[in-house]
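Trainee: I would like a close look at one part of this model. Please take me through its pockets.

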Amino acid sequence: MSKPLSLPFDPIARADELWRRRWGPVPSMAAITSIMRAHQILLAEVDAVVKPYGLTFARYEALVLLTFSQAGELPMSKIGERLMVHPTSVTNTVDRLVRSGLMDKRPNPNDGRGTLASITPKGREVVESATRDLMAMDFGLGAYDAEECAEIFAMLRPLRVAARDFEER
């Protein structure tokens, strides 16, 4: 859990006010600062939930991704693409999950230089338990109802499109 600051004022609103006085109004500064703080809060909360399973949220996401695949395995390159992370991060994440007994790795028979990562039965058990716990705490977004969560998703989508995370159709 993120440690409550319990400040007697909103430090981001204060920074916005001071920013306006010094450089003029820049609403994007307050927005990005709020998004970054929300990221810190949410990551701390979800990491606290998955930590008892020996996971970080990044490792949890990798396990979940494999549960979505038909065979329970994917090429490492595909994992990086789907999770939108650098190949080095994928290797680090998968290697840690292999050491934990939650994933296995083997050469990809369809790509002589590639590697397949697969979820183990223990990995499936862990991801099911961790998912129940994360759903019970609404992935840290319990302050919002379902409609507001959909609005957040919709509001952030244009940013992801502009970054070319995917092709909008």
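Which residues lie nearest the centre of the largest pocket, and how many residues line it?

Mentor: Keep in mind that this is a predicted model. Start at the centre of the largest pocket. H39, L42, L141, I152 and L156 lie nearest to that point. In total, 36 residues form the lining. Four elements each give two or more residues to this lining: α2 (27-50), α3 (57-68), α5 (87-99) and α7 (146-162). Of these, α2 supplies the largest share, with 10 residues. The volume of the largest pocket is about 1700 Å³.

Next, look at the chemistry of that lining. It holds 24 nonpolar residues, along with 6 polar and 6 charged ones.

Now follow α3, one of the elements that line the largest pocket. This helix also packs against α6. On the α3 side, the contact uses F57, Y60, L63, V64 and T67. On the α6 side, G123, R124, V127, A130, T131 and L134 meet them. By class, the residues of this contact are 7 nonpolar, 3 polar and 1 charged. The two helix axes come within 10 Å and cross at roughly 115°. The crossing of α3 and α6 is left-handed.

Stay with α6 (121-136) and step back to T120. T120 sits in the loop between β3 (115-119) and α6. Is T120 buried or exposed? T120 counts as buried, because its relative accessible area is 8% and the cut-off for buried is under 20%. Leaving out residues up to four places away in sequence, T120 touches G101, L102, M103 and D104.

Finally, compare the second largest pocket. About 190 Å³ of space lies in it. Its lining has 14 residues, and P75, M76, S77, P87 and T115 are the ones nearest its centre. Here, the elements that give two or more residues are α4 (76-83) and α5. Helix α5 also gives two or more residues to the lining of the largest pocket. By class, the lining of the second largest pocket has 5 nonpolar, 6 polar and 3 charged residues. Set that beside the largest pocket, with its 24 nonpolar, 6 polar and 6 charged residues.

To trace this on the model, begin at H39 and L42, two of the residues nearest the centre of the largest pocket. Then go to α3 and its contact with α6. Move on to T120, in the loop before α6. End at P75 and M76, two of those nearest the centre of the second largest pocket.

How values were computed:
Residues numbered from 1 in each chain as written. Predicted model: local features only at pLDDT ≥ 70, side-chain atom pairs only at ≥ 80, totals over all residues. Heavy atoms only, no water. 1 Å grid on protein atoms, 1.4 Å probe; cavity = no way out; pocket = protein on both sides within 12 Å on 5 of 7 lines; lining within 4 Å. Points joined across faces, edges and corners; volume = space filled by probe spheres on them. Nonpolar A, V, L, I, M, F, W, Y, C, P; charged D, E, K, R; others polar. Buried < 20%, exposed > 50% of the residue type's maximum accessible area, 1.4 Å probe, protein only. Contact = heavy atoms within 4.5 Å. Axes fitted to C-alpha atoms, helices over the stretch in contact; angles between N-to-C directions. Left-handed = near helix turned anticlockwise from the far one by under 90°.
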